Amino acid sequence: MTGTVLVTGGTGYIGGEVIDQLLAKGYSIHTTVRNTEKSEPRLRERWPDAGDRLKIFQADLMSDKGWAKANEGCDAVAHVASPFPLAVPKNKDELVVPAREGTLRALRFAKDAGVQRFVQTSSAAAIAYGQRHKNNFDHTDWTNIEAGVPPYIESKTVAERAARDWVAENAPEMVFCSVNPVAVFGPVVNDDLSTSIEMVKQMCDGSIPAIPNMGISVCDVRDVAEAHVRAIEAPADKVRGERFPTATRFMWMTEMGDAIRTRAPEFAAKVPTRKMPDWVVKLLAMFVPTMKQVKSELGNVREVSGAHTEDVLGFKFIDPEQSLEDTLRSLVEHGIVKV
Ligand code: NAP
């Protein structure tokens, strides 16, 4: 299948991989970046042969400027752009407002341009939080923001809910679905690291002295991108209204450390073996913004099932230990982590 797809956030980790896979399949791509002067050379360097098949537009989630042109002539949109910071912001609206307003803006301009299909990059953040005593989740679950959740979790939940409500009311003919990744690992292509990759980097570069008592569900960026591509290509009745979690399994950070030591023994000395007591995490969270997220996850198990996505979209996810190894090897290849 060919056509033109707008991928928002082409500078990002996931957005870049979606573009990569779509270009390889013969699609033409429109992508939005916040600053063309800064980002266009980098994108052209990544896809030197794309030529006119890659068009780059300047558009910010918080402004109407640029969105009409970016959507012109597109058959589908993969709306990937959303703020995804490492640290918790002082004001939650720094995340919630651009995530929600940006999604609605992208939908509005897509509808005006006659775009038929819209795939939103949501998150397991919209699935698996704010529900005490529940450890297993799937595509039917929703995060309960009333329980008080961190700003990023709220931003993704509010954005997905708002998108679904908007489509139901304003564009019921549009084929809308979401991809809901858990923490995304897998090969990086440059030193502009997504928050999820920072975690692997810090485990292997000696910057964490001990491992906190936390874990996350893991998936691979190649699978996340493939889910977007398949959601764009599948028959409309298969994907309309669907939620597609991409997730393999939950891993404690200690398990990740063990997997790295086994698969990349040259890092064994750098990956911490000591456990960080919970009280140390809580103390650090008072001073170090990134530790606030860790504190809120101490001891929590959130197993998110990706089985529905594998069934409906018809492919198998990459083994999580392989994903971790590939992440690390790419960080080394790009000189970001040294042996
Ligand atoms: P990333 O590498 O940090 O990419 C974020 C992208 O969003 C960048 O292209 C960024 O553009 C763009 N963006 C941020 N704020 C924007 C704004 N105000 N206007 C326009 N563009 C803006 O993160 P990622 O890991 O690829 O994440 C992409 C999406 O996947 C996000 O929606 C995130 O919530 C979701 N997700 C990620 C994970 C994960 O573990 N990585 C898991 C679940 C869901 P600039 O280059 O201009 O900053």
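Q: In strand β5, which residues point one way and which point the other way?
A: In this predicted model, strand β5 covers residues 117-121. In a regular strand the side chains alternate between the two faces of the sheet. That pattern appears here, with F118 and Q120 pointing one way and R117, V119 and T121 pointing the other way.

Q: Is strand β5 largely enclosed or exposed?
A: Buried means under 20% relative accessible area. Five of the five residues of β5 are buried, so the strand is, with respect to the rest of the structure, largely enclosed.

Q: Which residue stands opposite Q120 in β5?
A: Strand β4, residues 76-79, runs parallel to β5, and four bridges join the two. Opposite Q120 in β5 stands H79.

Q: Which residues of strand β11 are buried on each side?
A: Let's move on to another strand, β11, which takes in residues 243-246. Both of its faces are covered. On one side the buried residues are F244 and T246, and on the other they are R243 and P245.

Q: Over how many bridges do β7 and β11 pair?
A: Strand β7 spans residues 175-181 and pairs with β11 in the parallel sense. Within this pairing, S178 stands opposite R243. The number of bridges over which β7 and β11 pair is four.

Q: Why does R243 count as buried?
A: R243 lies in strand β11. A residue is called buried under 20% relative accessible area. R243 counts as buried because its relative accessibility is 5%.

Q: Which backbone oxygen lies 2.5 Å from a polar atom of the R243 side chain?
A: The R243 side chain has a polar atom 3.1 Å from the backbone oxygen of A126. R243 is also in contact with several residues beyond its sequence neighbours within four places, including W142, E160, R164 and H308. The backbone oxygen at 2.5 Å from a polar atom of the side chain belongs to D141.

Q: Which residues come nearest to the ligand?
A: Now for the ligand. There are 25 residues around it. By class, this shell has three charged, nine polar and 13 nonpolar residues. Those that come nearest are T11, R34, Y152, K156 and S194.

Q: How far is a polar side-chain atom of K156 from an oxygen atom of the ligand?
A: The backbone takes part around the ligand too: a polar backbone atom of Y13 is 2.9 Å from a ligand oxygen, and one of V184 is 2.8 Å from a ligand oxygen. For K156, the atom in question is a polar one in the side chain, and its distance from an oxygen atom of the ligand is 2.7 Å.

Q: How much of the accessible area of the ligand does the protein cover?
A: On its own, the ligand has 890 Å² of accessible area. Elements that give two or more residues to the shell around it are α1 (13-24), α5 (151-170) and β8 (183-185). The share of the ligand's area that the protein covers is 88%.

Q: Does E321 count as buried, exposed or partly exposed?
A: E321 lies in helix α13, residues 320-333. Not counting residues up to four places away in sequence, E321 touches R249, M251, A259 and R263. Its relative accessibility is 25%, and the cut-offs are under 20% for buried and over 50% for exposed. E321 therefore counts as partly exposed.

Q: Which residue does the side chain of E325 join in a polar contact of 2.8 Å?
A: E325 is found in helix α13. At 18% relative accessibility, E325 counts as buried. The polar contact of 2.8 Å links its side chain to that of R263.

Q: How far apart in space are E198 and L86, C-alpha to C-alpha?
A: E198 has its place in helix α6, residues 195-204, and is buried, with a relative accessible area of 18%. Leaving aside neighbours within four places in sequence, E198 is in contact with L86 and L193. E198 and L86 are 112 residues apart in sequence, while their C-alpha separation in space is 8.2 Å.

Q: What is the relative accessibility of R44?
A: R44 sits in helix α2, residues 36-46. Beyond its neighbours within four places in sequence, R44 is in contact with G51, L54, K55 and I56. R44 counts as partly exposed, and its relative accessibility is 28%.

Terms used
Residues are numbered from 1 along each chain as its sequence is written. This is a predicted model: local features need pLDDT of at least 70, side-chain atom pairs count only at pLDDT 80 or more; totals for chains, interfaces and linings use all residues. Side-chain values use heavy atoms; hydrogens and water are left out. Buried means under 20% relative accessible area, exposed over 50%, partly exposed in between (1.4 Å probe, protein chains only). Contact means heavy atoms within 4.5 Å. A residue is near a molecule or strand if one of its heavy atoms lies within 4 Å of it. A polar contact is a pair of N or O atoms within 3.5 Å; within protein, one must be able to donate a hydrogen and the other to accept it, and residues adjacent in sequence count only if both atoms are side-chain atoms. Accessible areas come from the Shrake-Rupley method with a 1.4 Å probe; for residues, only the protein chains shown count as cover. Ala, Val, Leu, Ile, Met, Phe, Trp, Tyr, Cys and Pro count as nonpolar, Asp, Glu, Lys and Arg as charged, and the others, Gly among them, as polar. Two strands pair if DSSP finds at least two bridges between them.
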